[in-house]
Amino acid sequence: MTATTARTLTGLSSTTADGVGASPRRPDGTLKATGEFAYSSDLWMEDMLWGATLRSPHPHARILGIDITGALKVPGVEAVLTHEDVPGAKRYGLEYRDQPVLAYGKVRYKGEPVAVVAADHPETARRAMERIRVDYEVLEPVGDARRAAHDPHCPLVHDEGGLPVREDYRQSGNRVRHQPIRTGGFTGAAGDTDRERRVLEELREQADAVVAAEYEVGMQDQAFLGPESGMAVPAEDGGVDLYIATQWLHVDQRQIAPALGLPEDKVRLTLAGVGGAFGAREDLSMQIHACMLALHTGKPVKFVYNREESFHGHVHRHPALMRFEHGARADGTLLYATLEIIVDGGAYASATPAVVGVASSLGIGPYEVPNVLVDAYGVYTTNPPCGAMRGFGAVQACFGYESQMDRLAEKLGLDPVELRIRNAMAQGSRIITGQEVDAPLPMAEMLRRARALPMPSERLERADPRTLPGGVSGTTRGEGVVRGVGYGVGLKNLCFSEGFDDYSTARVRLEAVAGEPVALVHTAAAEVGQGLVTVKGQIVRTELGVETVVVHPADTRVGSAGSSSASRQSYMTGGAVRQACAAVRAAVFALARGRGAVPEGTADADLSLTGGNLVSASAGVLAALADLLADGTVVEETREFHHRPTEMLDPTRGQGASHVQFGMCVHRAVVDVDTELGLVRVVALDAVQDVGRVLHPQQLAGQIQGGSTQGLGLALMEEIQVRDGEIVNPSFTDYLIPTILDTPPMRIDVLERPDPHAPYGLRGAGEPPTLSSTPAVVAAVRDATGRALARVPVRPEDILGIER
C-alpha cells in the first residue's frame with residue numbers, strides 16, 4: 001500500500017514532542033509486531049477451568065427437555081449449567097432485552113447457546129458437552145426477511161406478548177422497527193398509501209428520467225483475527241472479576257450483573273488484549289457464561305472460541321433488500337427518490353433499531369432531493385443474529401443510492417461525477433430528516449479532487465501474469481481483460497444518534513516521579529486496534545506539556561467511556577481527556593499561585609504548560625512542573641464529556657436532528673476484469689476524505705486503508721452463506737477476506753475542514769471509507785462489463801451473466 005502523508009495539525013500552543021498532529025509509535029506496537037502482546041486468549045491461571053458451550057443444531061425449535069446427567073459423569077467436569085441455573089434475569093440485550101442467557105422454551109437460530117460446561121481441560125469440556133441430550137420439536141424456520149416484514153401470516157420468531165413493545169419503533173409481528181421518512185410532496189400524504197401513490201405518479205410525470213431497481217447486500221462478517229475469549233475469576237466479596245476482549249466495558253457490566261443477580265459494583269471488568277472488533281464485540285458472547293461457571297465452581301473459568309464457533313458466537317452485518325426509484329430533470333437535477341429497505345436482524349434485536357435509524361435517515365445519501373419517501377424495516381428471522389459492523393445501516397444504503405446515481409447518469413448521458421456534483425450537499429444543506437449539516441461538507445470539491453487524481457498506468461500488452469485477474473492461476477493470458485473506472489460517495493453519521501446520552505469519562509493524574517513530571521490517563525475506552533491508546537497520550541502531552549504519559553489499563557473502576565464504535569472514541573474520549581487535562585492545568589495554575597510562582601496580575605490566559613514547565617507568555621518560564629510537584633503533591637481530575645444533544649426521529653414522518661456529526665469519503669476505483677473467467681483485480685482504490693483535523697497522520701492513513709479494504713471485501717468476496725438458517729461457510733477457508741494480494745495501492749488525499757462543534761475540530765475517520773469503497777469497486781466492474789450488478793458481493797457468475 002502507498003499513501004500520501006497527511007499534514008499535521010497546526011495552531012496549538014504546546015510544543016511538546018509527540019503531541020496532537022504527530023505520529024508517535026503505538027505503545028503496544030512492538031509487542032504486537034513481535035508476537036509478544038498478550039491477547040485475551042492468552043490469559044492463564046494455575047487452577048482455572050475451561051468452558052464450553054452446547055449450541056442448538058436447529059434454527060427454530062421448541063425445547064422439550066434437557067438431560068445433563070451424561071455430561072456430569074465425565075471425569076474432570078465440575079459444572080454443567082442450563083437456563084434453570086441462571087441466578088438472575090434470564091434475558092439480556094444490547095438495546096432491547098430479548099436474548100436468553102441460555103435458551104429456554106425455544107431456540108431461534110442455529111448455534112444458540114443451550115448449556116455451558118466447565119472442566120479441567122478443554123477437550124474434557126467438549127466431550128462432556130457432546131453428552132448433553134436435548135429433546136427438540138422442530139418448528140418452521142423464518143428465513144425470508146421480506147416475508148417477515150410484510151406477511152401477517154408469517155410465523156412469529158418471538159411469541160405475541162413475550163416482549164415489551166416500543167410504540168416509537170412501530171413494532172408489530174416480526175418487525176423490530178419500522179421507520180418511515182416523508183419530505184416534500186410526500187409529507188402531507190404520510191400514512192395514506194393511496195395519496196402517496198398519486199403523488200409518486202405526479203412526480204414521475206414531471207421527471208425527464210426515472211430509474212428503478214432492486215439491490216441486495218449479503219451478510220458480511222467482521223472477520224477479526226482474535227476469536228471471542230476471556231476469563232472470569234470469582235472474588236472473595238461474592239462478586240466476580242472478568243478479563244474480557246470487548247468494545248464497551250460498562251454496557252457489558254450492565255447486562256452481566258442482572259443475569260448474575262449481583263449489583264454492578266460486584267461485577268468488575270478489565271479490558272484484555274483485543275484482536276480486532278469492527279462492531280462484533282458490542283454484543284455479549286461468553287461473558288455471562290464464564291461468570292456463571294466461575295461463581296458456581298469457585299474457580300477461574302476461561303473460554304476461547306474456535307473459528308467455527310466464533311462465526312456462530314457473534315453478530316454479523318445485516319443483509320439488506322432494497323428497492324430504489326429516482327426521478328430527475330434533463331439537466332440531472334434530482335426531483336424525487338423513494339426507498340424501501342429491509343434489514344434482516346436475525347433472531348434477536350441487538351443493534352437492529354439503530355441500524356434502521358441510520359439506514360432510513362441516510363438512505364438517499366448526500367444529495368439534495370426535494371421529495372423523498374423512505375420506509376426502512378428491521379425484522380426478526382431465525383437467521384443468525386446481526387448487529388453492529390463498521391458503518392452499519394449506512395453501508396447497505398450507500399451501495400443502493402450510489403448504484404442509482406450511476407444508472408441515472410447513464411440514462412441522462414451525463415458524466416457520473418458531474419451528476420453527483422450537481423446534486424451535492426454542502427454546509428447548510430439539510431438531510432432528509434430535516435437536520436442541517438452545520439459543519440463543512442466539501443463534497444463537490446472532494447469529487448473533483450478524486451477525479452483529478454493520477455490514473456494508474458495501463459496494463460502492458462505482454463503483462464506479468466501475476467498482474468492479471470486470477471494471477472498465475474488464471475487460464476487465460478489477458479485476452480478478455482477489460483479495465484473499468486468507478487466512483488463512490490458515502491455519508492456517515494458519527495457518534496451515537498437518536499437521543500442517546502452519549503458520554504465518555506476520563507481521569508488524569510499529574511505527579512512527579514523520579515524528578516520528572518508524569519501524567520497518568522485512565523479511561524474505560526476499549527483499544528481495539530484503532531489507535532486510541534496513542535491518541536490519549538498525544539492529547540495529554542499537548543494539553544499538559546509533559547513528555548511521559550502512562551495509559552492506565554481500561555476497566556470499570558472509572559466511569560463509562562462508551563463503545564469503541566460509531567467512529568466516536570477520538571471525539572468522545574478524546575474530548576473527555578482534553579477536559580480532564582484542562583481541569584488539571586487549572587489546578588496546577590492555582591497551586592502555583594498559592595506558592596507564589598505566578599506574578600501578581602497574571603491571568604490564566606497568559607499561562608500554559610509547555611515542555612515540562614509552567615510558562616507565562618509575557619514573563620517566560622515561571623517554574624518547572626517537577627519542582628511544583630516535588631513534595632509529593634498529586635493533581636488528579638475526572639471529567640465527563642457529552643456531545644450536543646440529539647433527538648429520536650419522529651415515528652411517522654422521520655423528522656428530527658438525530659445525528660451528532662457527519663463524515664464523508666469519496667473513492668475512485670480502477671479494476672481489471674477478465675470477462676471470460678469472471679475474475680476481478682482491483683488495480684487502484686484511491687480516496688479523498690475530509691477528517692476535520694488530523695490527530696495522528698499515520699494511524700489516519702491506516703484507518704482509511706483498512707476501511708477501504710473492508711468495503712472492497714464486501715464488493716467482491718465477503719459473504720456469510722446462510723441456507724435454511726445454517727451458516728455453511730464458517731471458516732476463513734470458505735469465507736473469503738482480502739489478503740495483501742487483493743489489496744491495491746491506495747492514494748489518499750486528506751482534507752482538513754474543522755468541525756467547530758468537535759474537540760480540535762476532528763471528525764471520526766474510521767467508517768466513511770467502508771461506505772464508498774464498495775459502490776466504487778462495483779461501479780468500476782460495471783464500467784468494464786456493462787452488467788447491471790445489483791447485488792454484493794459480486795460473484796464470477798454475475799460478471800459472466802450466468803443465472804443463479
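Buried here means under 20% relative accessible area, exposed means over 50%, and partly exposed sits in between (1.4 Å probe, protein chains only). With that in hand, Thr-770 is an easy call: its relative accessibility is 2%, so it counts as buried.

Before going further, some housekeeping. This is a predicted model, in which local features need pLDDT of at least 70, side-chain atom pairs count only at pLDDT 80 or more, and totals for chains, interfaces and linings use all residues. Residues are numbered from 1 along each chain as its sequence is written, and side-chain values use heavy atoms, with hydrogens and water left out.

**Confidence**

pLDDT is the predictor's confidence in each residue, from 0 to 100. The protein chain averages 95, and 98% of the residues score at least 70. Residues 1-14 are another story: pLDDT stays under 50 there, and the model has 37 contacts for them beyond four places in sequence. A contact means heavy atoms within 4.5 Å. Where pLDDT is low, the predicted coordinates should not be read in detail.

**Domains 2 and 3**

Domain bounds come from an automatic or database domain assignment. For the protein chain that assignment gives domain 1 (3-37 + 503-641), domain 2 (40-139 + 227-274 + 281-313) and domain 3 (422-494 + 649-800). Six residues from domain 2 and 10 residues from domain 3 make up the contact between those two. The C-alpha centres of domain 2 and domain 3 lie 38 Å apart. About 670 Å² is buried between domain 2 and domain 3, with carbon and sulfur atoms giving 71% of it. Buried area, by the way, is the accessible area (1.4 Å probe) that two parts lose on being put together, summed over both. On the domain 2 side, Lys-110, Arg-307 and Phe-311 lose the most area to domain 3, together 70% of what that side buries.

**A three-stranded sheet**

Helices (H or I, at least four residues) and strands (E, at least two) are DSSP runs, numbered from the N terminus. Two strands pair if DSSP finds at least two bridges between them. One open sheet has three strands in the order β6-β2-β8, with antiparallel pairing. Its edge strands are β6 (106-107) and β8 (133-138), each pairing on one side only.

Strand β2 (residues 61-67) is joined to β6 by two bridges. Ala-61 has Val-107 of β6 as its bridge partner, while Arg-62 stands opposite Lys-106 in β6. Towards β8, six bridges hold β2 in an antiparallel pairing, and there Ile-66 faces Val-134.

**Helices α16 and α17**

The expected span of a helix is 1.5 Å times one less than its number of residues. Helix α16 (residues 697-716) has 20 residues and should therefore span 28 Å; its end C-alpha atoms are 29 Å apart, which agrees. The helix is mostly covered, with 16 of its 20 residues buried.

Back to Thr-770, which is found in helix α17 (residues 768-785). Not counting residues up to four places away in sequence, Thr-770 touches Arg-317, Arg-390, Val-395, Gly-707, Gln-710 and Gly-711.

**Loop residues worth a look**

What about Thr-675: buried or exposed? Neither, really: at 33% relative accessibility, Thr-675 counts as partly exposed. Thr-675 is in the loop between β26 (661-674) and β27 (679-690). Leaving aside neighbours within four places in sequence, Thr-675 is in contact with Gly-480, Val-482, Thr-785 and Leu-800. The C-alpha atoms of Thr-675 and Ala-784 are separated by 8.5 Å, though the two residues are 109 residues apart along the chain.

Then there are a couple of non-glycine residues with a positive phi, set out here.

| Residue | Phi | Relative accessibility | Loop between |
|---|---|---|---|
| Glu-498 | about 55° | 13% (buried) | β18 (481-494) and β19 (503-513) |
| Ser-567 | about 50° | 16% (buried) | β21 (548-551) and α14 (569-594) |

One more backbone oddity: where is Pro-793 placed? Pro-793 is in the loop between β31 (791-792) and α18 (796-800), and the peptide bond from Val-792 to Pro-793 is cis, with omega near 0°.
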